[in-house]
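The following exercises concern a single protein chain. Each task is followed by a solution that proceeds step by step.

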Amino acid sequence: EAAVERELDALHRAGFYTEPTCAVAPAALREYRERGVLDADDDVVVPLTGSGLKG
């Protein structure tokens, strides 16, 4: 839960105003990279959803 909140905050700071559950996928991507499941230079597409409104 804490990782998802951190990722949501990072997304918002970067200008991506997503809905909260959307942060699960980027948080998982970060975890996969940290665990070595994915290399840092692997290309990955993570769809983001949201209202487009700053909350």
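**Exercise 1. Describe the overall make-up of the protein.**

Solution. The secondary structure comprises 2 helices and 0 strands, where helices (H or I, at least four residues) and strands (E, at least two) are DSSP runs numbered from the N terminus. The model is predicted: local features need pLDDT of at least 70, side-chain atom pairs count only at pLDDT 80 or more, and totals for chains, interfaces and linings use all residues. Residues are numbered from 1 along each chain as its sequence is written, and side-chain values use heavy atoms, with hydrogens and water left out.

Next, consider the surface. The protein has an accessible surface of about 4200 Å², and 54% of this belongs to carbon and sulfur atoms; the areas come from the Shrake-Rupley method with a 1.4 Å probe, and for residues only the protein chains shown count as cover. Of the 55 residues, 16% are buried. Here buried means under 20% relative accessible area, exposed means over 50%, and partly exposed lies in between (1.4 Å probe, protein chains only).

Finally, consider the contacts, defined as heavy atoms within 4.5 Å. Among contacts between residues at least 6 apart in sequence, 36% join residues at least 24 apart.

**Exercise 2. Determine how α1 and α2 are arranged and which residues meet between them.**

Solution. Two packed helices are described by the angle between their axes and the distance between the axes. In this model, the axes of α1 and α2 come within 8 Å and cross at roughly 105 degrees. The axes are lines fitted to C-alpha atoms, for helices over the stretch in contact, and angles run from 0 to 180 degrees between N-to-C directions.

The next step is to classify the angle. Angles under 35 degrees count as roughly parallel, over 145 as roughly antiparallel, 65 to 115 as roughly perpendicular and the rest as oblique. The helices α1 and α2 are therefore roughly perpendicular to each other.

The residues follow. From α1, Ala3, Val4, Glu7 and Leu11 meet Val24, Pro26, Ala27 and Arg30 of α2. By class, this contact has 6 nonpolar, no polar and 2 charged residues. The classes are nonpolar (Ala, Val, Leu, Ile, Met, Phe, Trp, Tyr, Cys and Pro), charged (Asp, Glu, Lys and Arg) and polar (the others, Gly among them).

**Exercise 3. Characterise the surroundings of Ala27 in helix α2.**

Solution. The relative accessible area of Ala27 is 12%, so this residue is buried. Leaving aside neighbours within four places in sequence, Ala27 is in contact with Ala3, Val4 and Glu7. A further distance concerns Leu8: its C-alpha atom is separated by 8.5 Å from that of Ala27, with the two positions 19 residues apart along the chain counted as their separation.

**Exercise 4. How many salt bridges are there, and which residues form them?**

Solution. Side chains of opposite charge can pair when their charged atoms come close. A salt bridge requires a side-chain nitrogen of Lys or Arg within 4 Å of a carboxyl oxygen of Asp or Glu. By this rule the count is 2.

One pair is Glu7 with Arg30, whose closest N and O atoms are 2.8 Å apart. Glu7 lies in helix α1 and Arg30 in helix α2 (residues 24–35), so the pair ties together parts that are 23 residues apart in sequence. Glu7 is buried, because its relative accessibility is 9%, whereas Arg30 is partly exposed at 44%. Helix α1 spans residues 2–13. Beyond four places in sequence, Glu7 touches Ala23, Pro26, Ala27 and Arg30.

The other pair is Glu31 with Arg35, with closest N and O atoms 2.7 Å apart. These residues are 4 apart in helix α2, so about one helical turn separates them. Glu31 is partly exposed at 32% relative accessibility, and Arg35 is exposed at 64%.
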